[in-house]
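Here are my notes on the model you sent over. I went through it point by point, beginning with the ligand.

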Amino acid sequence: MNAIGNKSRRSLCALATFAALTVLAPSAMAQDVEPVSDLLATADPAQGQTLTRQCIACHTFEEGGPHRVGPNLWDVVGRPKASREGFNYSPVLLELGGDWSFEDLNAYLANPRDFAPGNRMAYAGVRAVDDRAALIVYMRGLSAEPVDLP
Ligand code: HEC
């Protein structure tokens, strides 16, 4: 009798934990960005260039191009984050640290607000992982010395 009581109490507890996790899931899942590294070798830079139409209101991509609302994005892959001279980055972006690796760029482009809460890129994000791969592979090519693919 006692054993059964314990058992049902335990499963009730498991149920409560499950319910709590379900409630928390949406915010936890938002940070779960599908990785892009395996897609880069076959991603199409031309498709990426087309997708930059979503960016050019705020960014230029050519070497020596001016900053707009956002910084110039020539040679961004593998470069230290928030390091473009003459652009007034938010403290949030300045404090991220490290280089723009493929996967950090992937996460930032998927959801700028989740990756760097409080940063100033007012852009919803690129939903499809294939589109992010294409964009990143295009941006990788915008460099005198493109970094190696993973
Ligand atoms: C509404 C304007 C806007 C749009 C649209 C936009 N960005 Fe940005 N972006 C910004 C701003 C502003 C920053 C700087 C954020 C900060 O300092 O907090 C930024 C920063 C960045 C950075 C970091 C650069 C660095 O020097 O560290 C990357 C990479 C980037 N954007 C890529 C993109 C791409 C790719 C797109 C299109 C898919 C895009 N952005 C669309 C405004 C925009």
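**Notes on the predicted model**

1. Start with the ligand: 26 residues surround it, and the closest are C55, C58, G70, S90 and N119. As for helices, α3 (91–94) and α4 (102–110) are the elements that give two or more residues to this shell. Sorted by class, the shell has 18 nonpolar, five polar and three charged residues. Keep in mind that this is a predicted model.

2. Now the overall layout. The protein has six helices and zero strands, so written from the N terminus on, the elements simply run α-α-α-α-α-α, with helices and strands taken as DSSP runs. Buried residues make up 22% of the 150 residues. Of the contacts with a separation of 6 or more, 56% are between residues 24 or more positions apart.

3. How do α4 and α6 cross? The axes of α4 and helix α6 (residues 129–141) come within 10 Å, and the crossing angle is roughly 125 degrees. That angle makes α4 oblique to α6. The crossing of the two, α4 and α6, is right-handed.

4. Which residues bring α4 and α6 together? On the α4 side they are F102, L105, N106, L109 and A110, and they meet R132, L135 and I136 in α6. By class, this contact of α4 with α6 has six nonpolar residues, one polar and one charged. Recall that α4 also gives two or more residues to the shell around the ligand.

5. Two spots in the loop between α2 (45–51) and α3 are worth a look for their backbone angles. D75 sits in that loop, and its phi is near 60 degrees, a positive value in a residue other than glycine. A82 is found in the loop between α2 and α3 too, and phi of A82 is near 50 degrees, again positive in a residue other than glycine.

6. Are those two spots buried or exposed? D75 has 19 other C-beta atoms within 10 Å, so it counts as partly exposed; a buried residue would need 20 or more. A82 also has 19 other C-beta atoms within 10 Å, and is therefore partly exposed as well.

7. Last one: A124, in the loop between α5 (112–115) and α6. A124 counts as exposed because it has 10 C-beta neighbours inside 10 Å, and the cut-off for exposed is 12 or fewer. The C-alpha atoms of A124 and N111 are separated by 6.4 Å, with the two residues 13 apart along the chain.

Key
Residues are numbered from 1 along each chain as its sequence is written. This is a predicted model: local features need pLDDT of at least 70, side-chain atom pairs count only at pLDDT 80 or more; totals for chains, interfaces and linings use all residues. A residue is near a molecule or strand if its C-beta atom, placed from the backbone, lies within 6 Å of it. Helices (H or I, at least four residues) and strands (E, at least two) are DSSP runs, numbered from the N terminus. Ala, Val, Leu, Ile, Met, Phe, Trp, Tyr, Cys and Pro count as nonpolar, Asp, Glu, Lys and Arg as charged, and the others, Gly among them, as polar. Axes are lines fitted to C-alpha atoms, for helices over the stretch in contact, and angles run from 0 to 180 degrees between N-to-C directions. Angles under 35 degrees count as roughly parallel, over 145 as roughly antiparallel, 65 to 115 as roughly perpendicular and the rest as oblique. A crossing is left-handed if the near helix is turned anticlockwise from the far one by less than a right angle, and right-handed if clockwise. Two residues are in contact if their C-beta atoms, placed from the backbone, lie within 7 Å.
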